[in-house]
Amino acid sequence: MNWRSARTPAIVLALVALATLPIWVGNPYYINVSSQILLFAVFALALNVLVGYGGLVSLGHAGLFAMAGYAAALMLQAGYGHLAAILTGLLVVLASAAVFGLLALRSTGIGFLMITLALGQIVWGIAYRWASLTNGDNGVNVPTRPAPFGLVLSNAPAFYYATLLIFLLCVGTMMLFVRSPFGASLRGTRDQARRMNALGYNVWLIRFVAILFSGLWTGVSGLLFLYYNQFISPQVAALQTSAEALLMVISGGTATLLGPIAGAAIVVIMKNVVSAYIERWNLVLGVIFVAIITFMPEGLVPGIVRFWKLGWRAFRERRAPAALRNVVEPPP
Amino acid sequence: MLVSINANQAAILAVNSVSLGGVLFLLSAGFSLIFGLMRIPNLMHGSFFMLGAYFGVTLLDQKIGMNSWLAALLSGLAMAVIGGAIERLLLRRLAGQELPQVLLTLGLSFIVADLCLMIWTGDPWQPSPPAQLRGAFQAAGLFFPIFRVVIILVAVAIAIALWLMIDWTRLGAMIRAGVDDAPIARVCGIKVSQLFTLIFALGAGLAAFGGVVGSPFLSVYPGLDAEMLPLALIVVILGGTGSLLGALVGSFLIGALFNFGQAMLPDLAYVILFLPMLLVLVLRPQGLFGKVQA
Amino acid sequence: MTIKRRTVLKGMLASGASLTALKAPYVQAQTAAFKIGLLTVKTGPLAQGGIQMEQGINTFLKEKSSTLAGRKIEFLSADTGGNPAGAKTKAQELIERDKVNVILGPLAAFELLAITDYVRENQTPLISLAAAEDVTQRKANPFVIRPSATSAQACHVMGDYAAKELKFKRAATISEDFAFGYEQMSGFQRVFEDNGGKVVKKLWPPLVTPDYTPYIAQIGNVDCVFNGFAGSNPVKFMRSYADLGLQRIQLLAGWTAMDDALLRSLGDEAVGVISAAWYSADLDTPTNKRFVEAMQKDYNVLPGGYSAGMYIAGQCVEAAIQKLDTKSDDRKALADALHQISLTDTPRGPVKFDQYGNVVGDIFIRKCERKGRQLTNTVIKTYPNVSQFWTYDEKQFLAQPVYARDVPPAKNLE
C-alpha cells in the first residue's frame, strides 16, 4: 500500500478522531486547548493563502485579527446581539483588509512585509491609545457566547464542536480555492508575476482579492478567539501575534493545507501544554524551529512526507528485492 | 494635538536626536549591509544588539572593571564570531529561501532571548558610562550629558571607517560588486560566500558594539531585542537597503522624528515612526538612498 | 519550583496509616493535598516581577515545610507569558485540569481583568497581586482578595505627603500610557490638589519607549515630579532624569518605581528619591526579618513588593485554612474566610480586608539613601490603616467613574 492511497482512510480517520475528540480527551482543559488549536489553524490557513500561495509575506495579520474581534466586542458592549456583532466584525475586517491591500500592494517582497508590519503596529497603537473607544489595555469583556438555534456554547465540548464546524468549513473553502482557477492564477503571480502580466492577467487584482479572502478568514478566527476568551485587549494586535502566526505557517510547511494546521498545533501545544512541564518552553520552541529548518526546510509536513516516502521505499526494498529480482515471466 | 516647545527644549531634543541616531546607526548599519548584500531579513539583529549589551554588562561589572571601550570592542568581536558561525553553519544552506531564513532567525532569537533571561535574570541592568565621560556640561543653563555627545562622535567615526572600507578598499569593491549583482560577481572570481560570512559577522559585531555603547543610555532588559528590531527595520527602509549613507541619514532622521515627534505630537506617539515609513514605502519603495531593485 | 510529590506522598502515607489506626473517616478527605496555583510570568519583558512572585511564595512554603495549618500543600506554578489570553488559558489549566483550591496572582492588571469573570463562574478564590482598581470597587468580585494594593492606594498617600509635609505646590506627573499609570497618577493628583497643590503637567510616554528624554525635556518649572513607572522602565527613566540635570527637582515615586528589588539595578541617580509603598524591606516586623533573611539566603536578592505580596498571600491562605479547619476544601467558604482575615504580623505589618476584598494596611513613605555600598529605602513616615478610598467617603468615591487618564480631569495644566 503506497502512501497515496493511504490518504483517504487517513482523512476519514482524522475526521472521526476530531469528531469524537471530547470523548477520548476527557478533561475540559484539553478540549479547550483543542479548540485553540483549531482556531489558530484557521488563522494560519488564512495567512497561508498569502504567504504560501501568493508569495506575499505579511507581518500585520494580527491587525486584521484584532479589528474583527474589537468590532464585534464593541458592538456587543453597545448592546447589540451576537448576529449583528459577528456580521459587523466580518464587514470591518473586509474593509480593513481592503485598506491593507491598497497600501501594501504598492510594494512586494520586503516592502510588502514592512508595510503590513507598519499597518499592524498602527492598529495596535490605536487599540492602546484610543482608550475612549477601546478601553485601552483594560480591554473589553464579552460576558456571553452566542447561542445559535438555542444551542449553548458556554461549555468546552459545545464550543469545541462549533469551532470544529467552522474549521472544517475553512478547510473545505481552502481546498476549493487551491484547486480553483483563481488559486492557480494566484500561484502564477507568486512564481512568475511578469509573465502573468504579459499573459493579460491583472496581477494586482488577483493579489488584492487574495488579501480580501485571507482577511475574511483571519477575521473569522479573530471572532472565534474573542468568543473563546470572552475578552479582547490590544496585545492581540501586537507584532508578536503576527510573528507567531507566520511561524505557524512556515514551520508547518507553506506548500500544503495540512502544514499550517500542524504548525498551529505545535505552537499552541508548546505555549499552553508543554509550558506546564518545561519552564524554558520558549527556548525549546526556538530549538524546534531551528531543528525544523535544519532538517526540513520546506516545513514539517512536507518534511515528514519526505521521510515517510524515503522510509517506505527503503522498507519495501528490504522486504522484496531478492524475490522480485528473480521473477521470471511465466510462459504464455 | 501639537504641543509647542521652547528653544531650550528644542536644543536638548536636537542633541538627543543625534545621539539616539548614533546608536541606531550602529544597530542598523549591519542590518542594511546584511540585507543589501545577502537579501536576508535578519530578524535576530535585535538579539545581537541585546546579547552584545548583556556581554557588556558582564564585562563592565565592578568585579572585572574593564574599560568601557575595550568591553564594547570585545563584545563586538565575540558577537562577530557567533554571527559568522551562525551564517556558515545554518544560514548558508538556506541561500535564497526567504521564508526559511525568517523562521531560522526568529527561532534563534527566541533561543537567545530565553538564554539571556536564564543567565542575566529578568532584572534590568544599566552600566555607568566611562568614568571620564560622566556628568554633563552646561550651556545656557541646559544640561548636555557628555556621554551622549560622545556617542555621536563614535558613531560618525565608525561610519567614516565603514565608508573608507567600502569605497576605498578592494574588499569594499568586492562587497559593492556583490550587492549590485552577486551571480556576476561570482563569475568574476569574487568569493561571494566568504564575503557573506564576513558581512554577517561584521553586522552582528556592529550591533553588539552598539548595544554596549548604548547601554548606559538605553539600559539592558528582556524585551530590548523586540524593541530594537523594528527600529532597525524602519531606518533601513527609510534610508534604503545596502546603502551606508542611507543608514546614516535614516538613523539621524529617525532619531529626530522620535525625539521631536514624541514631544510635539504625543497623541501620535505610537505611530510617529511608522507613518513616515509607510509614506516612504508607498511613494518611494526603494528608500531615500537605495537603488531600485531589478 | 518542583512539586514536592515525595513530601506529599510521605505525608499521605503517614496520615493514611495513622488514620486507619485511629478509624477517623472524616479526616480522610483532609489527606488530599491542598493545591495552590500561581499565575506568574516567566518569559518575556514582565519576567522580572514574575520570577520574584514565585520566589516570594516559595520562601513562605519552605518556611512552613509545605504544611499550612496541618494540611499538606501542593504548589503549581503556571507561566502566562504576560498576556491576557495566556492568563486565561493558564487559569483554565489550574482550575479545570489541576483543580486547585486557590489561585495566587496574576501579575498584570490586564491579566486579572481577563480572568476575573472566569474565576467567579468557577468559584475559585484568587489572591491578586495585580492592581486593577475596579476589581475591588465597582465591579467587586467576591472571590478576589488583594493583599497588595490598588494602583492609587499608595499614591493618595504620596499626594498627601507631598502637599502637607513637603509643602510642594506645583507637580508634574509622568507614567506609562496604560491603565496602571493612569490610576496611579489620578490618585496622586486628586489628593495633591485637594490639599492645595496643582498638577501642571501630565506626561504619558508609551509603555515601550526606548528613551525618555523627549518627555523629561518637557517637565518645566515644578517643585516635584511624581512617577509611576513599572518593570524595568524606572531604571532608564531615573538615569535620564539625572543626566538631563533634573535632580534639583525632587523626584517622587510610586511603589513599582522604587521597589526594593530594583535597587540593585540602580545607581546614584536614585539617591534622594522619595517613594510611597505598601511594603518596605527595612520594616522591623519579626516576619519581615525572617522573610528578608530567607530571600537573601536562597536567592541572593533583596525582596520587593512582588515577593512580599505573594508571601503575604501565603499567610492569608494559611489563616483561612486554619479558620475553616475541616471545611477548607469548600472553595466558596474559603473565599469568604479570606475576606474575614485579619493578620498582625506580616512582612508589611497588619493586614485586613475591606468589604470589597481590598487590603487595609500601612503605607510607608521611604527615602532612598546610600548606606555603605548599598542603596536602601529607609522608611521616614508610616500612614497606618490606609484603605483604597483614602479619607474619602466610600459611596461618593464609588459614585464617580473609575480613575482613568482624564478622571479626575486635570484642571490646572499649563
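Q: Hello! Into which domains is chain C divided?

A: A domain assignment splits a chain into parts, and a part may be built from separate stretches of sequence. In this predicted model, the assignment for chain C gives domain 1 (5-150 + 283-360) and domain 2 (153-282 + 362-399). Taken over C-alpha atoms, the centres of these two domains of chain C are separated by 29 Å.

Q: How many residues does each domain of chain C bring to the contact between them?

A: Domain 1 of chain C contributes 31 residues and domain 2 of chain C contributes 27 residues. On the domain 1 side, helix H2 (47-63) and helix H10 (305-324) of chain C are the elements that give two or more residues. By class, that side of domain 1 holds 16 nonpolar, 11 polar and four charged residues.

Q: How many helices and strands does chain C have, and how compact is chain C?

A: Let's start with the elements: chain C has 12 helices and 15 strands. Next comes the radius of gyration, which for chain C is 22 Å, close to the 22 Å that the globule rule gives for 414 residues, so chain C is as compact as a globular protein of that length. Along its principal axes, the C-alpha trace of chain C spans about 75 × 50 × 35 Å.

Q: What share of chain C is buried, and what share of its contacts join residues far along the sequence?

A: Of the 414 residues in chain C, 60% count as buried. If we take the contacts in chain C with a separation of 6 or more, 72% are between residues 24 or more positions apart.

Q: Now for chain B. How do I read its order of elements?

A: Read from the N terminus, with α for a helix and β for a strand. Chain B runs α-α-α-α-β-β-α-α-α-α-α-α-α, which comes to 11 helices and two strands. The radius of gyration of chain B is 19 Å, close to the 19 Å from the globule rule for 294 residues, so chain B is as compact as a globular protein of that length. Buried residues make up 59% of chain B.

Q: Which helices of chain B supply the side that touches chain A?

A: The contact takes 28 residues from chain B and 30 residues from chain A. On the chain B side, helix H4 (98-120), helix H9 (224-239) and helix H11 (274-283) each supply at least two residues. The largest share comes from H4(B), with 14 residues. That side of chain B divides into 25 nonpolar, two polar and one charged.

Q: Why might I look for nonpolar residues inside a protein?

A: In soluble globular proteins, nonpolar side chains tend to be buried together. Here the largest nonpolar core has 336 residues, and those with the most contacts inside it are Val42(A), Ala44(A) and Met277(B). Helix H3 (residues 28-51) of chain A gives the most to this core, with 17 residues. Both domain 1 and domain 2 of chain C also give at least three residues each.

Q: Which residues is Ala44(A) in contact with, leaving aside its neighbours within four places in sequence?

A: Among them are Ala245(A), Met248(A), Pro260(A) and Ala264(A).

Q: One last helix: how many residues of H1(A) are buried?

A: Of the 13 residues of H1(A), the count of buried ones is zero, so to speak of cover, H1(A) is hardly covered. Helix H1 (residues 7-19) of chain A reaches 18 Å from its first C-alpha to its last, close to the 18 Å expected at 1.5 Å a residue.

Conventions:
Residues are numbered from 1 along each chain as its sequence is written. Chains are lettered from A and ligands numbered from 1 in the order in which they are written. This is a predicted model: local features need pLDDT of at least 70, side-chain atom pairs count only at pLDDT 80 or more; totals for chains, interfaces and linings use all residues. Helices (H or I, at least four residues) and strands (E, at least two) are DSSP runs, numbered from the N terminus. The radius of gyration is taken over C-alpha atoms; the globule rule is 2.2 Å times the number of residues to the power 0.38. A residue is buried if 20 or more other C-beta atoms lie within 10 Å of its own, exposed if 12 or fewer, and partly exposed in between; C-beta atoms are placed from the backbone. Two residues are in contact if their C-beta atoms, placed from the backbone, lie within 7 Å. Ala, Val, Leu, Ile, Met, Phe, Trp, Tyr, Cys and Pro count as nonpolar, Asp, Glu, Lys and Arg as charged, and the others, Gly among them, as polar. Domain bounds come from an automatic or database domain assignment. The expected span of a helix is 1.5 Å times one less than its number of residues. A nonpolar core is a set of buried Ala, Val, Leu, Ile, Met, Phe, Trp, Tyr and Cys residues joined through C-beta atoms within 7 Å.
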